[in-house]
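Me: I would like a close look at a single part of this protein chain, with the surroundings explained step by step. Please begin with one residue and proceed from there to the chain as a whole.

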Amino acid sequence: MINLEQTIIRKLKATQHVICTIESCTGGLIAHLLTNVAGASEVYWGSFIVYDNTAKEDFGIQKEILSSYGAVSKEIASALAELGIRKIQTSTLQHSSHSLIKPRGLISIATTGIAGPGGGTREKPVGLCFIGLAITGKTTLVEEFHAPDPGDRIQMKTQFAQKALEMIRGHV
């Protein structure tokens, strides 16, 4: 049986899209799941884990956006996803020796949220995740996701990653 990750990699190949992941609350889990698929190297560019706010700033997020909206916000998810596209565009894809397909389009998925068990507030509870999806030539989408079954930290990360994968599948 074909799983979600395999479906995504097949769709990316078929549509000639290259993808990267920019992860905060999922800590590289989306990257892990996608790269478990044989042949992912044809369409998977790479990943950034921008967990701490300093890492987000070093990645290119403006300090003013972080202070205005907070690290867990639709604005940060959108900005991370859009920066992911720019990173691919300025990467080794510009060189003819790269191993990826020659892409017709680029995709970047970004996550920022609260996996718990602490850190939540009334406005931003444990189980909240914002997922940004940027695709070249399209408007960046951000989904606010509330985990239906808040559990331990690993369960939260897994639910966030699953939702991100479903979002990719739905827009490729």
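Reply: The residue chosen as the starting point is Tyr69, which lies in helix H4, a helix of residues 63–69. The model is predicted, and every value below is computed from it.

Is Tyr69 buried, exposed or partly exposed? A residue counts as buried under 20% relative accessible area and as exposed over 50%, with partly exposed in between. Tyr69 has a relative accessible area of 43%, and it is therefore partly exposed. When its neighbours within four places in sequence are left aside, Tyr69 is in contact with Glu75 and Lys124.

The sequence next leads to helix H5, which covers residues 74–89, and to the loop between H5 and strand S3, where Ser91 is found. The relative accessibility of Ser91 is 10%, so this residue counts as buried. Which partners does the side chain of Ser91 reach? One is the side chain of Trp45, joined to that of Ser91 by a polar contact of 2.9 Å. Another is the backbone oxygen of Ile88, which the side chain of Ser91 reaches at 2.8 Å. Ser91 thus offers an example of a loop residue that counts as buried.

Strand S3 itself spans residues 105–113, and Gly105 lies in this strand. With 5% relative accessibility, Gly105 counts as buried because the limit is 20%. Not counting residues up to four places away in sequence, Gly105 touches Gln16, His17, Val18 and Thr136. A separation is also given for Gly105 and Gln62: they are 43 residues apart in sequence, and their C-alpha atoms are 26 Å apart in space.

Gln16, one of the residues that Gly105 touches, deserves its own description. Gln16 is placed in the loop between helix H1, residues 4–15, and strand S1, residues 17–23. Its relative accessible area is 33%, which means that Gln16 is partly exposed. The backbone of Gln16 has a phi near 60°, a positive value in a residue that is not glycine. Most residues other than glycine have a negative phi, and most peptide bonds are trans.

The second part of that general statement leads to another loop. Which peptide bond is cis, with omega near 5°? It is the bond from Gly116 to Pro117. Pro117 lies in the loop between S3 and strand S4, the latter formed by residues 128–135.

These local views can now be placed in the whole chain. The protein chain has six helices and five strands, and along the sequence they follow the pattern α-β-α-β-α-α-α-β-β-β-α. Among contacts between residues at least 6 apart in sequence, 67% join residues at least 24 apart. The contact partners of Gly105 include Gln16 and His17.

For 172 residues, a compact globule would have a radius of gyration near 16 Å; the protein chain has 15 Å, which agrees. The C-alpha atoms fill a box of roughly 50 × 40 × 25 Å along the principal axes. Of the 172 residues, 46% count as buried; Ser91 and Gly105 are among them. The protein chain exposes about 8,600 Å², of which carbon and sulfur atoms supply 50%. Finally, the mean positions of the 17 positive and 15 negative charges are 7 Å apart.

Conventions. Residues numbered from 1 in each chain as written. Predicted model: local features only at pLDDT ≥ 70, side-chain atom pairs only at ≥ 80, totals over all residues. Heavy atoms only, no water. Helix = DSSP H or I, 4+ residues; strand = E, 2+ residues; numbered from the N terminus. Rg over C-alpha atoms; globule rule 2.2 N^0.38 Å. Buried < 20%, exposed > 50% of the residue type's maximum accessible area, 1.4 Å probe, protein only. Contact = heavy atoms within 4.5 Å. Areas by Shrake-Rupley, 256 points an atom, 1.4 Å probe, with all protein chains shown as cover. Lys, Arg positive; Asp, Glu negative; His and termini not counted. Charge placed at Lys NZ, Arg CZ, Asp CG, Glu CD. Polar contact = N/O pair within 3.5 Å; in protein donor to acceptor, adjacent residues only side chain to side chain.
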